[in-house]
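Biologist: I should like to go through this structure with you step by step. May we begin with the chain as a whole and then turn to a single residue?

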Amino acid sequence: RVEHPAGGYKKLFETAEELSSPVTAHVTGRVPTWLRGSLLRCGPGLFEVGAEPFYHLFDGQALLHKFDFKEGHVTYHRRFVRTDAYVRAMTEKRIVITEFGTYAYPDPCKNIFSRFFSYFKGVEVTDNALVNVYPIGEDYYACTETNFITRINPETLETVKQVDLCKYVSVNGATAHPHIENDGTVYNIGNCFGKNFALAYNIIRIPPLQADKEDPINKSEVVVQFPCSDRFKPSYVHSFGLTENYIVFVETPVKINLFKFLSAWSLWGTNYMDCFESNETMGVWLHVAEKKKGRLLNIKYRTSAFNLFHHINTYEDNGFLIVDLCTWKGFEFVYNYLYLANLRANWDEVKRQAEKAPQPEVRRYVLPLTIDKANTGKNLVTLPYTTATATLRSDETIWLEPEVIFSGPRHAFEFPQINYKKYCGKPYTYAYGLGLNHFVPDKLCKLNVKTKETWVWQEPDSYPSEPIFVSHPDALEEDDGVVLSIVISPGVGPKPAYLLILSAKDMSEVARAEVEVNIPVTFHGMFKRA
């Protein structure tokens, strides 16, 4: 078991300056010549404005990072995304927009009357695009989980414009984990107001770029609506599953209390985190829809409580859906443990906090797509290769028990990635993940989901990011390629950070490209081929 008494991980949560132009990275090893393009990643880069701190991991202002690969050479660039939240904070030298866990106090320069009237303008929802970056048509967008996405230039990292999804489609927000099909079609999910004021979840579809070159966002549409377990309290949704024919939505017990949410904004000192609560009795509900017909399957899948942020993959096999998830056991919200004060604490305190938190587990659930009432009381799963079960109960619900694919106390396999282009929604063998040790990212892990075999890259006092798989152009096998991760290694050598290139076969080092600057935490990103 690796320990971190020196606390080097605190550097992940330190403000960084943007760069005016790309810097050359110092390569050791050999960067494969076939690796051409850009690794684009998002994360927080400004953790305070003047004397005002941000409090939560998801509050710091969005910093967009890029490593460029060309003929074995590597450069690094980064710019702050010019969101409203960032620009106004820079202009007024204070936190202006309330973030996930940080309340923005009213303008001290305004008198009581103008403050009073500004309440009636309603909520100013943050556009702080710190979570992910993804393509729509020929454009690239940085995003968070609200209705605002921000178009960026993937070459210069300049901010192009803010886009409000509410203007195009009926959603109150959208996740930072859209599914992107090989033809460019984008699917996403978001909370919405459904029939007769009840809450629901809409799946939205954005078509690929057409010959008319019109912005595909203009052609966004809702393809299916999932019902909500509680008409007033939607669940927090972070990602969803997609196969060739089905959409899978996992409804967890982490709920948004809309009464709190709508009153929060007129109350002093309330932020998004204050609006979450847990339903301690519902467990987890899973919903399935037919993708092409936009039709809900009338099957009620149920299982015991967990938090879910990341789907690994989903596929169809012989009348079953296989749903692989990174879960956290229990109904308490994991984000309660992601305040910066917790994450910046000394190692012993970090461990003490993580002991109390929900425990991580990689699980496989198997959902039968056809139900015969004659089988009440029986396990419906007939696939030979899994121990997961689905039992039809007399109330016509189906109780699911998972197969555990990976489990280690306070050791998470998280931020999962796969060979997405070739294997998303299809039977697959390998997942790549970031290993969290009491919430501290300290290893990269490859997982064989069939045999449960693991391969690990780990070095002392080194803190990697989500691994991104890049397939070899002439790949014959699923794991032909490399894995890319940004690693910080404060106090280890002269260079504080580097881009790490591993062989996806065995997680051995191929090369690293070192830079002279610290790189704060990044959450998600993508490789854009040249």
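Biologist: What percentage of the residues of the chain count as buried?

Modeller: Please note that this is a predicted model. A residue counts as buried when its relative accessible area is under 20%. Of the 530 residues, the share that meets this condition is 59%.

Biologist: Which radius of gyration does the chain have, and what would a compact globule have?

Modeller: The chain has 530 residues, and a compact globule with that number would have a radius of gyration near 24 Å. The value for the chain agrees with this, because it is 23 Å.

Biologist: How many helices and strands does the chain have?

Modeller: Both kinds of element are present in the chain. The counts are 6 helices and 37 strands.

Biologist: Where is F54 found?

Modeller: Two strands frame the position of F54: β5 covers 52–53 and β6 covers 61–70. F54 is found between them, in the loop.

Biologist: Is F54 buried or exposed?

Modeller: The cut-off for a buried residue is under 20% relative accessible area. F54 has 3% relative accessibility, so it counts as buried.

Biologist: Which residues are in contact with F54, leaving aside its neighbours within four places in sequence?

Modeller: Contact here requires heavy atoms within 4.5 Å. The residues that F54 contacts include L46, F47, E48 and V49, as well as D59, G60 and Q61. Also among them are I95, E99, T102 and L340.

Definitions and conventions
Residues numbered from 1 in each chain as written. Predicted model: local features only at pLDDT ≥ 70, side-chain atom pairs only at ≥ 80, totals over all residues. Heavy atoms only, no water. Helix = DSSP H or I, 4+ residues; strand = E, 2+ residues; numbered from the N terminus. Rg over C-alpha atoms; globule rule 2.2 N^0.38 Å. Buried < 20%, exposed > 50% of the residue type's maximum accessible area, 1.4 Å probe, protein only.
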